[in-house]
Amino acid sequence: MNRLRFHRRALAVVCAVSLSADIALAQDSPAAVQTATPRQPRGPRPNPTNIKALPKGITGDEVIKVMHQYEGDLGVECEYCHARNPETKRNDFPSDANPVKDKARLMIKMTDDLNAKYLAQLTDHKSADAVTCGTCHRGMSHPEPFVPKPQEHGNHPPAATPQPSAPQQ
């Protein structure tokens, strides 16, 4: 009787191991691997419409790159500036329904002006020193205003001491 129970249990274990091996092999099969791989790139994005603050000839792929930079600089998602289409429940990127988008356009023009009109006049200016949204926002949609630290009365920076002049002869 004990021998019969042993054989039944052994048979159950062998079946379970065999079944789990079959499942593991099926997961590694080409059909399973094919469904698990990510989709292939869909090609270039269509050219954007309703562009008012970005360069006129900008491509769809370039817009996406710039928008991801804005997201990081402001710590926001697309919905912060772009309105949602109530029917599709998706972002309507060309729409001007969200008033924040106009403010963003103004800020884009401001940073462009700062870089082109003012920073370009500095002799030691490098293109890597450009003003971006992140310069002020630092990952916040509404950056904290700058408040200088209060100066302590005896803790002023040392004044430049005049150099002694050469003795006159």
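# A tour that starts at His 82

Start by selecting His 82: leaving out residues up to four places away in sequence, His 82 touches Met 67, Asn 91, Phe 93, Asn 98 and Lys 101. Keep in mind as you click around that this is a predicted model.

Where along the chain are you? His 82 sits in the loop between α3 and α4. Is His 82 buried or exposed? His 82 counts as buried, because its relative accessibility is 12% and buried means under 20%. Now show the side chain of His 82 and the backbone of Phe 93: that side chain reaches the backbone oxygen of Phe 93 at 3.5 Å.

**Zoom out for a moment**

Switch to a cartoon view of the whole chain. You should find five helices and zero strands, so going by how helices are counted here, as DSSP runs, the order from the N terminus reads α-α-α-α-α. The protein chain has 169 residues, and 15% of them count as buried. If you draw contacts between residues at least 6 apart in sequence, 36% of those contacts join residues at least 24 apart.

**The largest pocket**

Go back to His 82 and add Val 63, Met 67, Cys 78 and Phe 93 to the selection. Out of 47 lining residues, these five are the closest to the centre of the largest pocket. The space in there comes to about 1400 Å³.

Next, colour the helices that take part. α3 (60-74), α4 (99-118) and α5 (133-137) each bring at least two residues to the lining of this largest pocket. Which of them gives the most to the lining? That is α4, with 10 residues. Try colouring the lining of the largest pocket by residue class: you get 26 nonpolar, 12 polar and nine charged residues.

**The second largest pocket**

Now select Val 66, Gln 69, Tyr 70, Asp 112 and Thr 132. Of the 16 residues that line the second largest pocket, these lie nearest its centre. Two elements, α3 and α4, give two or more residues to that lining, and α3 gives the most, with five. The second largest pocket holds about 280 Å³ of space. Its lining splits into nine nonpolar, four polar and three charged residues.

**Into the nonpolar core**

Leave Tyr 70 selected and add Ala 53, Leu 54, Ile 58, Val 63, Leu 74, Val 76, Ile 108 and Cys 133. Together with Tyr 70 they form the largest nonpolar core, which has nine residues. The largest share of this core comes from α3, which supplies three residues.

Click on Cys 133 and look around. Setting aside neighbours within four places in sequence, Cys 133 is in contact with Tyr 70, Asp 73, Leu 74, Thr 111 and Arg 138.

**Two residues with a positive phi**

Most residues other than glycine have a negative phi, so the next two stops are worth a click. From Cys 133, hop to its contact Arg 138. Arg 138 is not a glycine, yet has a positive phi of about 50°. You'll find Arg 138 in the segment after α5, and at 67% relative accessibility Arg 138 counts as exposed.

The other stop is Asn 50, in the loop between α2 (30-36) and α3. Asn 50 is not a glycine either, and has a positive phi of about 60°. Buried, exposed or in between? Asn 50 is partly exposed, with a relative accessible area of 28%.

**From Asn 50 to Ser 95**

Asn 50 leads you on to Ser 95. Leaving aside neighbours within four places in sequence, Ser 95 is in contact with Asn 50, Ala 83 and Lys 101. Ser 95 belongs to the loop between α3 and α4 and is buried, with a relative accessible area of 17%. Look for a polar atom of the Ser 95 side chain: the backbone nitrogen of Ala 97 lies 3.1 Å from it.

**Last stop: Asn 115**

Finish in helix α4, where Asn 115 lies. Asn 115 is buried, with a relative accessible area of 18%. What does Asn 115 contact, leaving aside neighbours within four places in sequence? Select Ala 120, Ala 130 and Val 131 to see those contacts. Zoom in on Val 131, whose backbone nitrogen lies 2.7 Å from a polar atom of the Asn 115 side chain. As a final step, set a distance between the C-alpha atoms of Asn 115 and Thr 132: they are 17 residues apart along the chain and separated by 8.9 Å.

Technical notes
Residues numbered from 1 in each chain as written. Predicted model: local features only at pLDDT ≥ 70, side-chain atom pairs only at ≥ 80, totals over all residues. Heavy atoms only, no water. 1 Å grid on protein atoms, 1.4 Å probe; cavity = no way out; pocket = protein on both sides within 12 Å on 5 of 7 lines; lining within 4 Å. Points joined across faces, edges and corners; volume = space filled by probe spheres on them. Helix = DSSP H or I, 4+ residues; strand = E, 2+ residues; numbered from the N terminus. Nonpolar A, V, L, I, M, F, W, Y, C, P; charged D, E, K, R; others polar. Buried < 20%, exposed > 50% of the residue type's maximum accessible area, 1.4 Å probe, protein only. Core = buried A, V, L, I, M, F, W, Y, C linked by side-chain atoms within 4.5 Å. Contact = heavy atoms within 4.5 Å. Polar contact = N/O pair within 3.5 Å; in protein donor to acceptor, adjacent residues only side chain to side chain.
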